[in-house]
Amino acid sequence: MPQPQLLKILNDRLRIDAGDSAASFTPEQLQQELARQGAVNAGGGRDWTSLRKRLAIARREGVLATITEQVINDFAIVYQLNAKQVLELKDIVLPASREE
């Protein structure tokens with residue numbers, strides 16, 4: 001997805017979640033986050049070690065605590081995940097979010 005389109009989607013979602021007074025994300029912030037995610041993915045990104053790193057980042061930043069089954073279901077609809085992908089996501093993320 002082109003970065004300007006991604007930034008627009010993120011900012012639209014931010015305004016919906018936090019209201020019009022929320023400060024929009026900047027292109028620089030998006031670049032920094034993409035670079036950070038790239039560093040996490042450097043090892044392939046699909047192995048257990050990379051997954052644990054992603055979960056640790058999400059936990060540290062408080063994102064993991066906000067993930068519920070409904071959030072996963074909404075994500076699955078938006079990104080058109082199949083049933084196996086949804087089940088795996090729930091099996092991995094939900095228990096990790098409850099460990100806090």
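The residues lining the second largest pocket of this predicted model divide into six nonpolar and three charged, with no polar residue among them. The lining consists of Trp48, Arg52, Leu55, Ala56, Arg59, Ile92, Pro95, Ala96 and Glu99, and the space within this pocket comes to about 150 Å³. Two helices, α3 and α5, each supply at least two residues of the lining, and the largest share, five residues, comes from α3.

The largest pocket holds about 2600 Å³ of space and is lined by 41 residues, of which Arg54, Val63, Ile67, Phe75 and Tyr79 lie nearest its centre. Residues of this lining are contributed, two or more in each case, by α1, α2 (27-41), α3, α4 and α5. By residue class, the lining of the largest pocket divides into 25 nonpolar, six polar and 10 charged residues.

The largest nonpolar core comprises nine residues, namely Leu55, Ala58, Leu64, Ile72, Ala76, Val86, Val93, Leu94 and Ala96. Helices α3 (48-60), α4 (69-78) and α5 (83-98) each supply at least two residues of this core, and α5 provides the largest share, with four residues. Leu55 belongs to this core and also appears in the lining of the second largest pocket; when residues up to four places away in sequence are not counted, Leu55 touches Leu64, Ile92 and Ala96. Of these contacts, Leu64 and Ala96 are likewise members of the core, while Ile92 and Ala96 are found in the lining of the second largest pocket.

Five salt bridges were counted in the model. In one of them, the side chains of Lys8 and Asp12 meet with an N to O distance of 2.7 Å. Because Lys8 and Asp12 stand four residues apart in helix α1 (residues 3-18), they are separated by about one helical turn. Lys8 counts as exposed, at 52% relative accessibility, whereas Asp12 is partly exposed, with a relative accessible area of 26%. The two residues are linked with Arg15 in a network of salt bridges.

A salt bridge within helix α5 joins Glu88 to Lys84, the closest N and O atoms being 2.6 Å apart. Here too the partners are four residues apart in the helix, so that about one helical turn separates Glu88 and Lys84. Glu88 is partly exposed, with a relative accessible area of 38%, and Lys84 counts as exposed, at 56% relative accessibility.

A further salt bridge is formed between Glu69 and Lys90, for which the closest N and O atoms are 3.1 Å apart. This pair links distant parts of the chain, with Glu69 in helix α4 and Lys90 in helix α5, 21 residues apart. Glu69 counts as partly exposed, at 43% relative accessibility. Lys90, by contrast, has a relative accessibility of 18% and therefore counts as buried, the limit for that class being under 20%. Helices α4 and α5, which are linked by this pair, are also among the helices that each supply at least two residues of the largest nonpolar core.

Key
Residues are numbered from 1 along each chain as its sequence is written. This is a predicted model: local features need pLDDT of at least 70, side-chain atom pairs count only at pLDDT 80 or more; totals for chains, interfaces and linings use all residues. Side-chain values use heavy atoms; hydrogens and water are left out. A nonpolar core is a set of buried Ala, Val, Leu, Ile, Met, Phe, Trp, Tyr and Cys residues joined through side-chain atoms within 4.5 Å. Buried means under 20% relative accessible area, exposed over 50%, partly exposed in between (1.4 Å probe, protein chains only). Contact means heavy atoms within 4.5 Å. A salt bridge is a side-chain nitrogen of Lys or Arg within 4 Å of a carboxyl oxygen of Asp or Glu. On a 1 Å grid over the protein atoms alone, a cavity is a set of points where a 1.4 Å probe fits but cannot get out, and a pocket is an open set with protein on both sides within 12 Å along at least five of seven lines; lining residues have an atom within 4 Å of a point. Grid points are joined across faces, edges and corners, and a volume is the space filled by probe spheres set on the points. Ala, Val, Leu, Ile, Met, Phe, Trp, Tyr, Cys and Pro count as nonpolar, Asp, Glu, Lys and Arg as charged, and the others, Gly among them, as polar.
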